[in-house]
Amino acid sequence: MADKQDEGSSDGGHSGIPPPTDQQKELANQAFQEFEKGQYSQCVNSMSRLASQRQMDLKVQHNKAVAVFYQSNQCAVDEFRNTLHNVCQMAKSNDDPVDGIEDVDNAVMYYNQAVLNYHTRQYHTALQVLSKGFQYIEPPDELLAQNVLLLWVELHLCVCQPEQGMGVLAYLEKSLSNGKGQGTPERGEQSKEGSDSNETLRAKISLYKTRCLAMMKSMKSCKREIKTLVNTPGLTGTAVQYLRAYFEYLRGNFRKAQKMLATAPGASGPVPVPGGESLAVMHHNNLGCIHMHLRKHHTAALFFRRAMQENDKAVKEVKATPKGKPMQTMGISKNCELLYNMGVQLLHCGKPSPAFECLIQAVQMYQVNPRLWLRLAECCIMANRENNDDDSKLEKRQQVIQGSVGSGYHRKLILGPGVGQDKTSTNAPSMPALSLEFAAMCLRNALLLLPDDPLGAETTVTDDSDGSKPTPEPVLLPAPPSSPMRAHEVANLRCSILAASSYVALCLNDHQVALQHAENLLRQPRLSGAQRYIGSMYMAEALVELDRIADAIGHLNPDSLTQADISTVPPEAKSDPGALCPWIPRELPKAKAMMQHNLAVAHAIRGEFDKANKYLGEGSKNNGTPLPAQMYYLKLYLDLMEGRRQMAQMIIKDHFGHVTPNRFQP
């Protein structure tokens with residue numbers, strides 16, 4: 001931020017404090033001139049002499065603290081924070097009306113306190129200070145008022161509240177159009193300075209407005225504002241170029257965004273941004289996000305790694321003094337944001353363990369992000385089962401028959417324990433680990449962070465009886481470091497969390513909970529075809545485990561499946577953008593095969609072996625080779641139960657000859 005201090009001389013301003021003498025005014029004016037010239041040591045000496053004479057004057061105490069802070073090269077942050085806090089506390093006790101917030105002389109104190117919190121990344125605290133200090137007053141200085149409002153917008157963007165930021169910008173634009181801050185027309189030079197100042201302010205407003213609209217994902221308005229930005233004087237090309245690339249990224253034009261970033265500053269090396277941030281970190285991070293959506297996950301991970309290296313380099317280059325680091329560089333590290341991005345990318349690369357390590361560190365900063373808790377649960381799920389093709393791998397099929405004992409007619413084969421082995425662990429669920437118990441806890445956290453499920457209020461869902469256009473969706477839920485989630489994004493996320501919760505509960509043998517999650521999932525109005533498919537499968541499995549076979553069979557109808565029933569496209573998508581992760585089953589025959597196998601199991605449990613054998617045969621044809629291990633288990637069971645011993649022997653000889661003799665004796 002720009003310069004934030006008001007070094008004007010003290011002239012009392014509080015009841016009970018005598019007005020300053022001419023000598024004190026002269027001393028204050030001298031201190032102000034020394035501060036303006038950068039002679040901070042002399043300024044501190046002058047302010048110390050003045051403070052000794054006016055110990056109860058808050059402006060003097062405040063200005064002395066500012067001078068001491070600048071003398072330390074803005075490194076004594078803790079000392080400055082404590083002094084500001086004490087001065088603000090004195091202001092509250094000295095002034096009666098509403099804790100002293102009506103005293104305009106305290107405006108600079110509150111502003112400096114907010115700026116300090118901003119640079120130390122305490123954004124919510126800074127917002128509280130600004131709201132408290134400027135809710136009932138107008139700052140006495142026009143430049144201070146503009147800085148306050150711009151800081152307010154910046155803070156709203158930092159906490160992902162772009163709509164509130166747009167409200168502040170509207171007020172600032174209205175003040176500018178009403179003629180405030182137009183400069184004094186008496187002299188041409190002053191008028192020119194006022195005009196330049198207004199142009200600079202308009203450029204900043206346009207820049208902030210574009211950032212707010214981009215965060216709100218208001219594409220049409222953002223496009224118009226970007227056209228205005230390009231022709232706005234007083235803006236650096238770097239900011240505009242990165243915003244244009246971000247706009248194309250939000251529209252899904254990833255190749256175009258990549259080309260824009262390729263020519264943007266920061267591509268060839270580390271370029272510092274005013275305020276201490278590293279442009280190289282931003283550049284590599286943005287390229288990583290683009291490559292992730294281009295499904296080049298390993299390339300994206302490489303860019304994120306480079307961004308983390310540039311971040312470490314930028315942090316090391318900050319020169320620390322015995323009193324600490326400069327205030328502007330205290331928020332330079334973007335480590336948590338980069339860990340979040342890297343963790344998500346490693347998850348897409350099929351590396352759940354390193355992804356978990358990244359995300360578990362990021363969750364310490366972003367506990368309120370339900371997406372992050374879901375990603376942690378997905379790491380645990382992937383570590384226990386990578387995908388649905390696992391059971392068709394050779395090592396899984398070889399476990400169907402583990403060996404044999406005896407010889408000749410007394411030879412016995414030993415069947416494996418099956419694929420549904422107990423996956424519970426001995427670790428406490430609250431201990432971070434790649435376990436399904438920890439996944440269940442993460443999914444509970446994610447559900448608790450979502451708004452209340454609106455399924456019970458049917459009237460609010462169809463409140464569009466007049467046929468008018470629906471109102472724009474409000475931003476519902478913050479998800480830092482990502483943009484806030486809108487209504488349809490929250491609904492889609494809820495479906496993903498419920499699907500994962502049902503699966504994890506099944507794996508942990510908590511069948512009643514799995515049934516509840518599956519029922520809730522199938523009631524959601526924004527289900528994709530794939531989510532409805534797995535919801536029906538999970539519900540049927542839970543019902544089978546609860547000995548409600550007839551109900552389970554009712555949820556398994558492979559003949560009615562279509563390609564749309566296994567599509568991963570969200571309901572609001574006009575076309576299939578392609579999944580970021582491979583979804584299995586992708587083909588309709590394999591989806592039918594899985595459902596037919598589950599239907600065969602349900603009939604086998606009821607003793608309806610003919611139906612079970614029929615559905616298993618159809619499922620085997622639809623699945624193709626290699627068959628998953630479950631089908632071999634069920635086929636051997638059905639053949640033995642129906643007395644087809646020779647058929648079972650043929651299956652064993654054809655597929656498991658490595659554990660049987662060349663001549664199998666019945």
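This is a guided tour of a predicted model, moving from one helix to ring pairs, charges over rings and nonpolar cores.

**First stop: helix α10**

Begin by selecting residues 219-230, which make up helix α10; at 1.5 Å a residue its 12 residues should span 16 Å, and the end C-alpha atoms are indeed 16 Å apart, which agrees. Within this helix, colour Cys222, Glu225, Ile226 and Leu229, which are its buried residues. If you then turn the view to look down the axis of α10, these buried residues fall within an arc of 105 degrees, so they line one face of the helix. Rotate to the other side of α10, where Lys220, Arg224 and Lys227 are exposed.

**Second stop: aromatic pairs**

Next, show the aromatic side chains, among which the count comes to 11 aromatic pairs. Select Phe35 and Tyr70, whose rings form an edge-to-face pair, with 5.0 Å from centre to centre and 70 degrees between the planes. Phe35 belongs to helix α1 (residues 22-36) and Tyr70 to helix α3 (residues 58-71), so the pair ties together parts that are 35 residues apart in sequence. Phe35 counts as buried, with a relative accessibility of 4%, and Tyr70 also counts as buried, at 10%. Now move to Tyr118 and Tyr123, whose ring centres are 6.0 Å apart and whose planes stand at 50 degrees, so this pair is tilted; both of these tyrosines are buried. To return to Phe35 and Tyr70 in their wider setting, add Tyr40, Phe69 and Phe80 to the selection, since ring pairs link these five residues into a cluster.

**Third stop: charges over rings**

Select Phe303 together with Arg306, which lies over the face of the Phe303 ring at 5.4 Å from the ring centre. Then go to Tyr615, where the charged end of Lys614 sits over the ring, 5.3 Å from its centre.

**Last stop: the nonpolar cores**

Where should you look in the largest nonpolar core for the residues that touch the most other members? Among the 119 residues of this core, select Leu376, Val400, Val504 and Tyr533, which hold that place. Showing helix α21 (residues 487-507) as well brings in the element that gives the most to this core, with 12 residues. Centre the view on Val504 and display Ile381, Leu436, Ala439, Ala440 and Leu443, all of which Val504 touches when residues up to four places away in sequence are not counted. Finally, apart from the largest core lies another core, of 33 residues, which you can find by selecting some of its members, including Trp152, Cys160, Leu176 and Cys212.

Methods. Residues numbered from 1 in each chain as written. Predicted model: local features only at pLDDT ≥ 70, side-chain atom pairs only at ≥ 80, totals over all residues. Heavy atoms only, no water. Helix = DSSP H or I, 4+ residues; strand = E, 2+ residues; numbered from the N terminus. Expected span 1.5 Å × (residues − 1). Buried < 20%, exposed > 50% of the residue type's maximum accessible area, 1.4 Å probe, protein only. Arc of directions from axis to C-beta. Phe/Tyr/Trp six-rings, centres within 6.5 Å; stacked < 30°, edge-to-face > 60°. Lys NZ or Arg CZ within 6 Å of the ring centre and 35° of its normal. Core = buried A, V, L, I, M, F, W, Y, C linked by side-chain atoms within 4.5 Å. Contact = heavy atoms within 4.5 Å.
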